[in-house]
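Student: I have a model open and would like to read it with you, piece by piece. Could we start?

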Amino acid sequence: MITVEIQSTEDRKSYGFEFSGHAYSGEHGRDLVCAGASAIAFGTVNAINSLLQITPGIEQGEDGGYLKVVVDPSDLTPENDAKLQTILQTMVTQVYTMVASYGDFIELKYKMI
């Protein structure tokens, strides 16, 4: 199962996320849940880079199946913080959409930071 964990503060702002695991919903190379989750994860990283002009902290597993992304709030202007929240809320909406259809293979969790 793919687990998506959103790291949020008490005031419901998010500054990081982690995708881990494998869906195993299809044969290797043809797993649509894995492909969808990967597209969401990497699209989010690309949006952060492109729209905020920053490079977040990134950890990746060597064999796939793991991506952790963290943005330091002190690196953000108030405008960029608002943009980051929109980017991450969009990512969460996309993951929720996948969970609604493929909940046996992907889950969404929150972790307070």
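Student: Is Q53 buried or exposed?

Tutor: Happy to help! Buried means under 20% relative accessible area, exposed over 50%, and partly exposed in between, with a 1.4 Å probe and protein chains only. Q53 has 65% relative accessibility, so Q53 counts as exposed.

Student: Before we go on, what kind of model is this?

Tutor: Residues are numbered from 1 along each chain as its sequence is written, and side-chain values use heavy atoms, leaving out hydrogens and water. Local features need pLDDT of at least 70, side-chain atom pairs count only at pLDDT 80 or more, and totals for chains, interfaces and linings use all residues, as this is a predicted model.

Student: Where is Q53 found, and what is its phi?

Tutor: Helices (H or I, at least four residues) and strands (E, at least two) are DSSP runs, numbered from the N terminus. Q53 lies in the loop between α1 (32–52) and β3. Although Q53 is not a glycine, its phi is positive, at about 60°.

Student: Which residue in the loop between β1 and β2 has a positive phi without being a glycine?

Tutor: The loop in question runs between β1 (2–8) and β2 (14–20). The residue there has a phi of about 70° and counts as exposed at 75% relative accessibility. That residue is R12.

Student: In β4, what is the bridge partner of I58?

Tutor: Two strands pair if DSSP finds at least two bridges between them. Strand β3 (residues 57–60) and strand β4 (residues 66–70) run antiparallel, joined by four bridges. They form a hairpin with five residues between them, and G64 in the turn has a positive phi of about 80°. The partner of I58 in β4 is V69.

Student: How far apart in space are E79 and L52?

Tutor: E79 sits in helix α2 (residues 78–102) and is exposed, with a relative accessible area of 54%. In sequence, E79 and L52 are 27 residues apart. C-alpha to C-alpha, their distance in space is 9.2 Å.

Student: What pattern does the chain follow along the sequence?

Tutor: There are two helices and five strands in the chain. Read along the sequence, their order is β-β-α-β-β-α-β.

Student: Why is the chain called as compact as a globular protein of its length?

Tutor: The radius of gyration is taken over C-alpha atoms, and the globule rule is 2.2 Å times the number of residues to the power 0.38. For 113 residues the rule gives 13 Å, so the chain is as compact as a globular protein of that length, its own radius of gyration being close to that at 14 Å.
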